[in-house]
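I opened a notebook on this structure today. These entries record what I looked up, one topic at a time.

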Amino acid sequence: ARRRGGGRREVLRRLREWWRESRLSALTDKAVAGGTGGAAEAAARLRGGGVARLRGAVSGVTPAALWHARCRPAVAQTADLACDEESCDDERGKPPAPGLTAPGERFVQAVYTKSGGEGGEAESDLEGHSTTGVCWDAAVVLADLLGHAPSVLLSFSANLGRSTDAHRDWDWAQKVVVELGCGTAALPSCAAALHAPRAVLCTDGNARALGLAAENVRRWTEAHPRAAVPTLAQLRWGDCAEAEVLQSVGLTPPVDVILAADCIYVLENPGGWGKLLATITALSAEHTLAFVTYVDRGHDKLWRRFLTQRVHPLFRVTEVPPHLLHPVAHPGAKGRLEQLTPRQTVYSWARRPAAGAGSRE
């Protein structure tokens, strides 16, 4: 290392960085699992000071995290859901905003408690590394997208975009919305509920996540009495139980709107893409608006092949223009959870007619 000139110093520097990241990960997991202030404070010091920003995990010394959403004039939609150090410190302990008013006013302040409701115990705790315990950037982007007018949303569908009848007759009040993989936040579902649809169903395969989601939805509903009340149900992708799950809450497939925020990932998700595709297929028809988000985490070639070989024979896929997406969809945006990943992408899946199921575009 000395002969290479500075090589030894570089090795030591990398070793120190590796130790720092390993220690930070261990302290973060400990803080999430036990809610200990000491671990959270130590993690904050390793991050260079301030309060550890772990959306859906730990914020400061409390075993919780805050997510915030905002509204535009007349049309409610989410905005900066980041929990930065200053906003968390300023807003912690304040009651939720009573409802939609002026542009920019926060209309949601949900706390991710460790219990699944009042009097709940640690049975509803989530392991620190669980993907379902985090409000990912895609949830913000998809919830924000639902704030656009129905005519804009319909324009993304390859089946409905040029249908004058669909644009004339489409009304949220008659629609059934189902979110897949809602996690603990169910943020897109809550955004859809602001339009007062006929029904909103939040689903996830993780029963513990649903316990936390139920508490967040309850608090959110109390703050928004005019919105539809979302219901929750456990739904495992690919189990062919979609009709049974929907019937248990008084609904039947196909549904009108399907939401899937950041359900396309590889880590601890073997065969998950095919199962997700099977579930979306079982819930959809030609009139269904299905929005699926995606971000490249190193498996883009696999995703492109999956789209070509598995999705395109069943769905006509179009991409939502990037300029219509929330700022956190783009790298470098303030409050973005994953700063090093590429731009978030939102796809609209439109079910192909049965006779053309084998064709591709």
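**The cores**

I am working from a predicted model. I began with the largest nonpolar core, which has 43 residues; L145, W172, L289, F291 and V346 touch the most other members. I then looked up which elements feed this core. At least two residues each come from α4 (137-145), α5 (150-155), α7, β4, α8 (207-223), β6 and β7 (289-294). The most comes from α4, which gives seven residues.

I followed L145 next. Which residues does L145 touch, not counting those up to four places away in sequence? I noted L153, F156, F291, V320, L325 and V346. Two names on that list, F291 and V346, I had already written down among the core members that touch the most others.

I also found another core, apart from the largest one. This other core has 32 residues, including V255, I258, W303 and Y347.

**T203**

I moved on to T203, which sits in strand β4, residues 199-204. Is T203 buried or exposed? Its relative accessible area is 0%, so I entered T203 as buried. Then I listed its contacts, leaving aside neighbours within four places in sequence. T203 is in contact with V178, E179, L180, G181 and C182. L210, A233 and L235 are in contact with T203 as well.

**Backbone entries**

I checked the backbone next. Which peptide bond did I note as cis? The bond from P253 to P254 is cis, and its omega is near 0°. I placed P254 in the loop between α9 (242-248) and β6 (257-260).

Then I looked at phi. A186 is not a glycine, yet its phi is positive, near 50°. I found A186 in the loop between β3 (176-180) and α7 (187-193). The relative accessibility of A186 is 0%, so A186 counts as buried.

I made a similar entry for D262. What is the phi of D262? It is positive, about 55°, although D262 is not a glycine. D262 lies in the loop between β6 and α10 (272-283). I looked up its accessibility too. Buried means under 20% relative accessible area. D262 is at 8% relative accessibility, so I counted D262 as buried.

**Loops at β6**

One last entry ties two loops together. The loop with P254 runs between α9 and β6, and the loop with D262 runs between β6 and α10. I had already listed β6 among the elements that supply at least two residues of the largest nonpolar core.

Note on methods. Residues numbered from 1 in each chain as written. Predicted model: local features only at pLDDT ≥ 70, side-chain atom pairs only at ≥ 80, totals over all residues. Heavy atoms only, no water. Helix = DSSP H or I, 4+ residues; strand = E, 2+ residues; numbered from the N terminus. Buried < 20%, exposed > 50% of the residue type's maximum accessible area, 1.4 Å probe, protein only. Contact = heavy atoms within 4.5 Å. Core = buried A, V, L, I, M, F, W, Y, C linked by side-chain atoms within 4.5 Å.
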